[in-house]
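Visitor: I'd like to go through this one label by label. Could you show me the model and back up each term you use?

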Amino acid sequence: MSDSPEIRIGTDEREQAMAALSGHFSAGRLSLAEFEDRSGLVAQARTYGDLESVFSDLPADRARAPVASPRGQSSPRRSGWEWRTAVVAVMPFVALALFFLTNTWLWFLMIPASGAILYAGGRRHQDPPGELPDHKPEAA
């Protein structure tokens with residue numbers, strides 16, 4: 001992540017971390033309870049060090065890992081994907097509100113379901129700009 005864990009993060013880094021966390025959940029590396037706990041930690045994170053502790057026991061998947069940009073360099077946004085990240089980030093709060101309104105815990109299943117639905121099959125869209133997905137050339 002970052003060489004300086006005490007550097008503060010912004011909304012972009014939290015959204016990237018939430019997307020990475022959703023990826024780990026959909027890959028089966030996290031249970032529902034772990035995903036909910038870590039989502040709360042990501043929402044409360046203030047520094048790169050806070051985010052590093054959330055991902056410390058997860059593999060560093062280059063395509064899904066949070067991008068560190070402590071020098072004010074923002075990562076390029078991919079059009080069409082920002083709204084999905086925002087939906088996944090807001091979903092725990094929506095589920096919590098619905099839980100208190102209806103007194104049923106089933107709303108919390110909406111959190112991983114929304115991540116799985118919104119990001120299902122989206123891996124090919126997460127290739128870094130300028131890089132093509134791995135493929136073999138066809139023989140002539």
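Guide: Here is a short walk through some labels and the values behind them. Bear in mind that this is a predicted model.

Visitor: Fine. What makes up the fold, in terms of helices and strands?

Guide: The protein chain has five helices and zero strands, so along the sequence you read α-α-α-α-α. Of its 140 residues, 31% are buried.

Visitor: Let's pick a residue, then. Why is S22 called buried?

Guide: S22 has a relative accessibility of 3%. The cut-off for buried is under 20%, so S22 gets the label. S22 lies in helix α1, and if you skip neighbours within four places in sequence, S22 is in contact with F35 and V88.

Visitor: And F35 itself, how do you know that it counts as buried?

Guide: Same kind of check: F35 comes out at 1% relative accessibility, so F35 is buried under the 20% cut-off. F35 is also among the residues that touch the most other members of the largest nonpolar core, along with L21, L30, V42, L51, F55 and I111. That core has 22 residues.

Visitor: Which helices supply this core?

Guide: α1 (11-26), α2 (32-44), α3 (48-55), α4 (82-102) and α5 (110-119) each supply at least two residues. α1 gives the most, with five.

Visitor: On to the rings. Why is the pair of F25 and F35 called tilted?

Guide: The structure holds three aromatic pairs. In the one formed by F25 and F35, the ring centres are 4.9 Å apart, which is within the 6.5 Å needed for a pair. The planes sit at 40°; stacked needs under 30 degrees and edge-to-face over 60, so tilted is what remains.

Visitor: What makes this pair a tie between parts of the chain?

Guide: F25 lies in helix α1 and F35 in helix α2, so the pair ties together parts that are ten residues apart in sequence. F25 is buried too, because its relative accessible area of 18% falls under 20%.

Visitor: How do you know that F99 and F108 form a tilted pair?

Guide: Their centres are 5.5 Å apart, within 6.5 Å, so they pair. The angle of 50° is neither under 30 nor over 60, so this pair is tilted. Ring pairs also link F99, F100 and F108 into a cluster.

Visitor: Why is F99 called partly exposed?

Guide: F99 has a relative accessible area of 26%. Buried would need under 20% and exposed over 50%, so F99 falls in between.

How values were computed: Residues are numbered from 1 along each chain as its sequence is written. This is a predicted model: local features need pLDDT of at least 70, side-chain atom pairs count only at pLDDT 80 or more; totals for chains, interfaces and linings use all residues. Side-chain values use heavy atoms; hydrogens and water are left out. Helices (H or I, at least four residues) and strands (E, at least two) are DSSP runs, numbered from the N terminus. Buried means under 20% relative accessible area, exposed over 50%, partly exposed in between (1.4 Å probe, protein chains only). A nonpolar core is a set of buried Ala, Val, Leu, Ile, Met, Phe, Trp, Tyr and Cys residues joined through side-chain atoms within 4.5 Å. Contact means heavy atoms within 4.5 Å. Rings of Phe, Tyr and Trp (its six-membered ring) pair if their centres lie within 6.5 Å; planes under 30 degrees apart count as stacked, over 60 as edge-to-face and the rest as tilted.
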